[in-house]
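Subject: Structure handover

Hello,

Here is the structure I said I would pass on. My notes on it follow below.

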Amino acid sequence: MSAAEGETVRASHILIKHEGSRRKASWKDPDGRIISATTRADAAARLLDLRNQILSGQAAFADLAARYSDCSSAKRGGDLGTFGRRQMQKPFEDATFALKVGELSDIVDTDSGVHIILRTA
């Protein structure tokens with residue numbers, strides 16, 4: 001698939017925020033107390049555990065996203081819908097466009113926190 005101007009992808013993600021995140025609040029942690037006390041290493045370790053559960057078949061991506069993601073997309077199982085180039089933070093965009101449909105990313109760092117991304121279309 002080319003990186004043509006009109007190319008779009010659809011993806012879901014699980015976001016774990018940490019002390020370095022630009023916005024230290026989420027639907028799960030409205031005053032940001034837990035997020036502010038979470039190191040990037042702790043957030044990444046939690047995300048790696050979730051990724052392993054998905055890859056081993058122990059848990060479904062959407063179920064884990066709904067429970068653990070700090071993004072409001074959690075209520076949709078992590079689904080971000082369809083997006084094109086320059087609509088997401090650059091590291092997130094680059095990682096998503098590099099995935100094949102059905103593929104799960106490694107940990108991706110953005111200003112929002114750490115993510116794992118599942119490309120769905």
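On helix H3, the exposed residues Asp63 and Arg67 sit on the face turned away from the buried side of the helix. The buried residues of H3 are Phe61, Leu64 and Ala65. Viewed down the H3 axis, the buried residues stay within an arc of 100 degrees, so they line one face of the helix. Their cover includes E1, H2 and E4. Please keep in mind that this is a predicted model.

Overall layout

The chain has four helices and four strands, and their order along the sequence is β-α-α-α-β-α-β-β. The C-alpha trace spans about 40 × 30 × 25 Å along its principal axes. A compact globule of 121 residues would have a radius of gyration near 14 Å, and the chain agrees with that, at 14 Å. Of the 121 residues, 46% are buried. Among contacts with a separation of 6 or more, 59% are between residues 24 or more positions apart.

The UniProt record, an unreviewed entry, places the feature "domain: PpiC" at residues 6-121. Over residues 6-121 the chain is 32% helix and 22% strand, with the end C-alpha atoms 14 Å apart.

Nonpolar cores

In soluble globular proteins, nonpolar side chains tend to be buried together. Here the largest nonpolar core has 14 residues, and those with the most contacts inside it are Ile14, Ile16, Leu47, Ile54, Phe61 and Ile116. Two or more residues each come from strand E1 (8-16), helix H2 (40-55), helix H3 (61-68) and strand E4 (113-119). H2 gives the most to this core, with four residues. Another core, of nine residues, lies apart from it and has Ala11, Phe83, Leu99 and Ile117 among its members.

What does Ile116 touch, not counting residues up to four places away in sequence? The list is Ser12, His13, Ile14, Leu47, Arg51, Ile54, Phe61, Leu104, Ser105, Asp106 and Ile107. Ile14, Leu47, Ile54 and Phe61 on that list are also named among the core residues with the most contacts.

Helix H4 and strand E2

The buried residues of helix H4 (90-98) are Phe92, Glu93, Ala95, Thr96 and Phe97. They pack against E1, E2, strand E3 (108-110) and E4.

Gly81 belongs to strand E2. With a relative accessibility of 17%, Gly81 counts as buried. Leaving aside neighbours within four places in sequence, Gly81 is in contact with Val9, Arg10 and Ala11. The C-alpha atoms of Gly81 and Thr120 are separated by 9.1 Å, with the two positions 39 residues apart along the chain counted as their distance apart.

His18 and Thr38

These two belong together, as each appears in the contacts of the other. His18 is in the loop between E1 and helix H1 (33-36), while Thr38 is in the loop between H1 and H2.

Are these loop residues buried or exposed? His18 counts as buried because its relative accessibility is 7%, under the 20% cut-off. Thr38 is buried too, with a relative accessible area of 5%.

Leaving aside neighbours within four places in sequence, His18 is in contact with Lys24, Ile35, Thr38, Thr39, Arg40, Ala43, Gly113 and Val114. On the same basis, Thr38 touches Lys17, His18, Glu19, Ala43 and Arg46. Ala43 is thus found in both lists. The side chain of Thr38 also reaches the backbone oxygen of Ile34, at 2.7 Å.

A backbone detail

Most residues other than glycine have a negative phi. Arg86 is not a glycine, yet has a positive phi of about 65 degrees. Where is Arg86 placed? Arg86 is in the loop between strand E2 (79-84) and helix H4 (90-98). Arg86 is exposed, with a relative accessible area of 64%.

Regards

Notes: Residues are numbered from 1 along each chain as its sequence is written. This is a predicted model: local features need pLDDT of at least 70, side-chain atom pairs count only at pLDDT 80 or more; totals for chains, interfaces and linings use all residues. Side-chain values use heavy atoms; hydrogens and water are left out. UniProt positions are given in the numbering used here, feature names are shortened, and annotations may be inferred rather than shown by experiment. A nonpolar core is a set of buried Ala, Val, Leu, Ile, Met, Phe, Trp, Tyr and Cys residues joined through side-chain atoms within 4.5 Å. Buried means under 20% relative accessible area, exposed over 50%, partly exposed in between (1.4 Å probe, protein chains only). Contact means heavy atoms within 4.5 Å. A polar contact is a pair of N or O atoms within 3.5 Å; within protein, one must be able to donate a hydrogen and the other to accept it, and residues adjacent in sequence count only if both atoms are side-chain atoms. The arc is that of the directions from the helix axis to the C-beta atoms. The radius of gyration is taken over C-alpha atoms; the globule rule is 2.2 Å times the number of residues to the power 0.38.
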